[in-house]
Amino acid sequence: MIDLTDRLIQTPTVIRAANGSVKWHAPRRLLQLLCGVLLITLPLTNGLRLDLRRDEFYFAWHKMAAHDLFLLFWVSMLGVALLSAISFLYGRLWCGWVCPQTLASDFADSLRTRLDRALHTRPGRSRFALARSLWALAVLAVSLGTGVVFACYWLAPAAVFAATRAPWLDPAAGLTVYGSAAVLAADMLWLRRRFCSHLCPYGPLMSTLGDQNTLAVRYLIERGDDCIGCHKCETDCPMGIDIKQGVGQHACIGCGECIDSCNDVLGKRGKSGLIEFRYGTEAAHVTKALTLTQRLGLWDGRRAMVALTVPACLAVVLGLIYGHWPVGASVNARGDIVRTATEIRNGYLFTVDSGDPNPAAFTLSVTGIPGAWIVPQTLTIGAHDSRTVPITVTGPTASLSVGRTPIRLRVSSGRDSKEIQTIFYMPAP
Ligand code: SF4
Ligand code: SF4
């Protein structure tokens, strides 16, 4: 009888290496998958879009005016704060774990390897051309889909879908879809990792933010005698570099694949790996000896301040979206007074200033005269706009006495209101 106990209690090798070390590959792929889903769903569900054609800006599923530059500024500041904090605390983790460019390169490389493996082919073999053609077709299809999604960040999805079907009817939208698809196809078919190591400005820019406590992938040179020279860390590196040459190499994207490789090789020999994520280069910074705040990357007050800029910017953005939008108002008597047997009407010019970043409806009301009413009772005003309209206040003669009666006119948006005092005049009969 076959005893399966050993196999059943064995930790899956996809999660832990033979020496018990956590493998970084699976969580990295999971995060990349989540980022990919988010990048696709955000523009399609109105979670994020700057639609300049319709003067609309969507953020966190909230619609605002695209010319609300104050809000756009703070959303940009939030992005800068987030990238700066990640880079200062965690080095190139953005590049290897979150960046869409790495996601595209990983997808293209992984698909090519899987197709080669599935068709049992290598360069020179008869099915090699077939494997490469299938790969190129798949990359072109994914590029077109990504071009559609990219265009949805700038245009309404309905317009993008229509332009994808018939680009000649909407050349600007068609060019955005097919132009971005062509750029991405060229990137996935030819450029891939070369973009990260030669063209991307983020790496060199953000490297300047790091210091001796920034997270990095480090080869433990002090244990160099344990290296068996298998070169697996080099062959598995997607960037094709040798981490043993030193920490902080420009092309290293901090993916952690070499850490898994070394743990796999040395783990089978009962040893711990020679490569790990480490804050800085100090030997004393070995992860097991760190406090919780140090493990989170908060080594000093400077880091805490940088990390705090993210929730601070987020609070400003959310305050602008969901906060208090002031309403202003002023009134001028038009001087037209109409008297009937039962009512007196006074005309005014009423000006309302809206601080709302969206077009909004305002309600008008009057107090000071029992039974009086106002026309119109609602008013729609554009985002951050001002509107002057003629209004009429009507009061029953039975509630009035000849001469001036103070009244209060109120305008309300639901988020804010304004009340102003004016005079209602009843002439002698
Ligand atoms: S050296 Fe290691 S962490 Fe850096 S890119 Fe290569 S595999 Fe990724
Ligand atoms: S995988 Fe580990 S043991 Fe093999 S060459 Fe790289 S550092 Fe040395």
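In this predicted model, 13 residues surround ligand 1. Cys 237, Ile 243, Cys 252, Cys 255 and Cys 258 come nearest. By class, the shell around ligand 1 holds nine nonpolar residues, three polar and one charged. Cysteine counts as nonpolar in this tally.

Turn next to ligand 2. Its surroundings comprise 14 residues, of which Cys 227, Cys 230, Lys 232, Cys 233 and Cys 262 come nearest. Two helices each supply at least two residues of this shell: α11, spanning 232-235, and α12, spanning 257-267. The most comes from α12, which gives four residues. The shell around ligand 2 divides into nine nonpolar, three polar and two charged residues.

Now look at a pair of helices, α6 and α8. Two packed helices are described by the angle between their axes and the distance between the axes. Helix α6 covers residues 128-151, and helix α8 covers residues 171-191. Their axes come within 7 Å and cross at roughly 140°. That angle makes α6 oblique to α8, because only angles over 145 degrees count as roughly antiparallel. The crossing of α6 and α8 is right-handed.

Which residues make this contact? On the α6 side they include Ala 136, Val 139, Leu 140, Ser 143 and Leu 144. Further along α6, Thr 146, Gly 147, Val 148, Phe 150 and Ala 151 also take part. They meet a set in α8 that includes Ala 173, Thr 176, Val 177, Tyr 178 and Ser 180. Ala 181, Leu 184, Ala 185, Met 188 and Leu 189 belong to the α8 side too. Taken together, the residues of the α6 and α8 contact are 15 nonpolar, five polar and no charged.

Methods: Residues are numbered from 1 along each chain as its sequence is written. Chains are lettered from A and ligands numbered from 1 in the order in which they are written. This is a predicted model: local features need pLDDT of at least 70, side-chain atom pairs count only at pLDDT 80 or more; totals for chains, interfaces and linings use all residues. Axes are lines fitted to C-alpha atoms, for helices over the stretch in contact, and angles run from 0 to 180 degrees between N-to-C directions. Angles under 35 degrees count as roughly parallel, over 145 as roughly antiparallel, 65 to 115 as roughly perpendicular and the rest as oblique. A crossing is left-handed if the near helix is turned anticlockwise from the far one by less than a right angle, and right-handed if clockwise. Two residues are in contact if their C-beta atoms, placed from the backbone, lie within 7 Å. A residue is near a molecule or strand if its C-beta atom, placed from the backbone, lies within 6 Å of it.
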